[in-house]
Each structure stands twice: as structure tokens, then as C-alpha cells.
Amino acid sequence: MSPFDGLRIPRDLLCEFFAVFSRFEFTLKEQGFMYVNRNGRAAPDWCGFAASAAASLNVDAGSDLAHAIDYLNNDPPQVQVSAQGWSRLPLRGSTAIERAIDAIQRVRNNLFHGGKHTPHSPEGRDEKLVRLSLLVLNACLMQDENLRTTYEQTNFK
């Protein structure tokens with residue numbers, strides 16, 4: 001059995017999402033969006049980054065990016081609250097961009113930590129959430145030269 005069995009998301013899209021998300025977290029830490037968690041480990045500061053992105057991300061009305069942010073805010077990923085239970089908890093953040101970035105973390109957590117092997121979402125929804133999450137993350141990269149340069153870095157010291 002493959003770990004991809006049961007997921008209703010194309011394998012290549014899922015792999016791309018995990019690779020982009022992972023590289024994005026590396027980039028956040030390299031760019032100073034980092035804190036030391038309670039276990040003494042460096043962790044990406046998604047809240048700090050989200051606040052920064054909210055202040056600088058240009059979102060044209062009616063654009064694909066605006067649609068993605070709206071969808072992630074208005075129909076956010078649910079949170080698994082028990083073995084078979086899901087809930088629609090409020091997103092963190094005071095702006096739509098901050099809340100969309102929080103939703104993107106939920107997309108990652110739901111996929112990475114399991115739970116998406118149980119078909120509780122309508123057909124196509126999980127794939128849509130992944131695609132919209134990638135759109136927002138890529139927009140953040142395209143509009144921030146420093147972030148993009150670090151993300152695209154290939155030679156490490």
C-alpha cells in the first residue's frame with residue numbers, strides 16, 4: 001500500500017506542496033522569521049511572517065490571489081479534534097492575509113499529520129485547498145525579493 005492511497009489529491013501536486021512548504025519554512029528561518037520553541041528548537045515564525053506579508057503583499061481586487069485569500073478565509077480547512085471529529089475553528093490573525101497564511105498551515109498539518117485519508121471533505125476540496133495555498137505562498141515569494149532569493153538559494157555554506 002502506498003501512503004498516497006486514499007488521498008484525493010494528485011501525487012505530484014501533493015509532493016510539490018510539501019516541498020514548497022518545507023523550503024518556505026527554511027526560508028522563513030533564514031530571513032529571521034524564527035523563534036525557539038518550548039523544546040529549545042528553532043521554528044519558523046509564521047505569525048510574524050504573516051503580519052509582515054499583510055503589510056506588504058499587493059493583492060489586486062478580482063485577481064486569482066484575491067480569490068485564494070477569500071476562499072481560505074471564508075471556507076478554511078477544518079481542524080481534527082478527535083479520531084473521527086472535525087471542527088471549523090477560527091483562524092488566527094487580524095487581516096485576511098494573516099488568516100489565509102494560518103489556513104495554509106492547517107492545510108499542511110492536515111495532510112502531514114494524517115486525517116485526510118478519511119473522506120470527510122467534498123470531492124475536489126482538498127485539492128483546491130492545496131492549489132490555493134501554493135498560489136498564496138508563490139505570490140509571497142514573487143513579491144518579496146529577499147524572500148525569493150533565499151528560497152531559490154542553491155549553494156549553502
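In this predicted model, the cover over the buried residues of helix α3 includes helices α4 and α5. The buried residues of α3 itself are L65, A66, A68, I69, Y71, L72 and N73.

Helix α3, which spans residues 64–74, is also one of the elements that contribute to the largest nonpolar core. This core comprises 39 residues, and the members that touch the most others within it are F24, W46, F49, V130, V136 and C140. At least two core residues come from each of α1 (11–30), α2 (46–56), α3 (64–74), α4 (96–112), α5 (125–142) and α6 (145–152). The largest share, nine residues, is supplied by α5.

Two of the core residues with the most contacts to other members, F24 and V130, were examined individually. F24 lies in helix α1. Its relative accessibility is 0%, so F24 counts as buried, the cut-off being under 20%. When residues up to four places away in sequence are not counted, F24 touches W46, F49, L137, C140, L141, L147 and Y151. F24 and N138 are 114 residues apart along the chain, yet their C-alpha atoms are separated by 9.6 Å. For V130, with neighbours within four places in sequence left aside, the contacts are I9, L13, F17, V107 and L111.

Helix α6 has three buried residues, namely L147, T150 and Y151. Viewed down the helix axis, these residues fall within an arc of 100°, and they therefore line one face of α6. Their cover includes α1, α2 and α5. Both L147 and Y151 are among the residues touched by F24, which is found in α1. At the start of α6, a side-chain oxygen of D144 comes to within 3.1 Å of the backbone nitrogen of N146.

The largest pocket was considered next. The space in this pocket amounts to about 270 Å³. Its lining consists of F21, E25, Y35, P44, D45, W46, C47, R92, Q105, R108 and N109. Helices α1, α2 and α4 each provide at least two of the lining residues, and the largest share, three residues, comes from α4. W46 belongs to this lining and is also among the members of the largest nonpolar core that touch the most others.

Q105, another residue of the pocket lining, is located in helix α4. With a relative accessible area of 12%, Q105 falls under the 20% cut-off and is therefore buried. Residues up to four places away in sequence being left out of the count, Q105 touches F21, W46 and R92. These three residues are likewise listed in the lining of the largest pocket.

A contrasting case is R38, which is placed in the loop between strands β1 (34–36) and β2 (42–44). The relative accessibility of R38 is 83%, and because this value is over 50%, the residue counts as exposed. R38 and E123 are 85 residues apart in sequence, and the distance between their C-alpha atoms is 38 Å.

Notes
Residues are numbered from 1 along each chain as its sequence is written. This is a predicted model: local features need pLDDT of at least 70, side-chain atom pairs count only at pLDDT 80 or more; totals for chains, interfaces and linings use all residues. Side-chain values use heavy atoms; hydrogens and water are left out. A nonpolar core is a set of buried Ala, Val, Leu, Ile, Met, Phe, Trp, Tyr and Cys residues joined through side-chain atoms within 4.5 Å. Buried means under 20% relative accessible area, exposed over 50%, partly exposed in between (1.4 Å probe, protein chains only). Helices (H or I, at least four residues) and strands (E, at least two) are DSSP runs, numbered from the N terminus. Contact means heavy atoms within 4.5 Å. The arc is that of the directions from the helix axis to the C-beta atoms. A polar contact is a pair of N or O atoms within 3.5 Å; within protein, one must be able to donate a hydrogen and the other to accept it, and residues adjacent in sequence count only if both atoms are side-chain atoms. On a 1 Å grid over the protein atoms alone, a cavity is a set of points where a 1.4 Å probe fits but cannot get out, and a pocket is an open set with protein on both sides within 12 Å along at least five of seven lines; lining residues have an atom within 4 Å of a point. Grid points are joined across faces, edges and corners, and a volume is the space filled by probe spheres set on the points.
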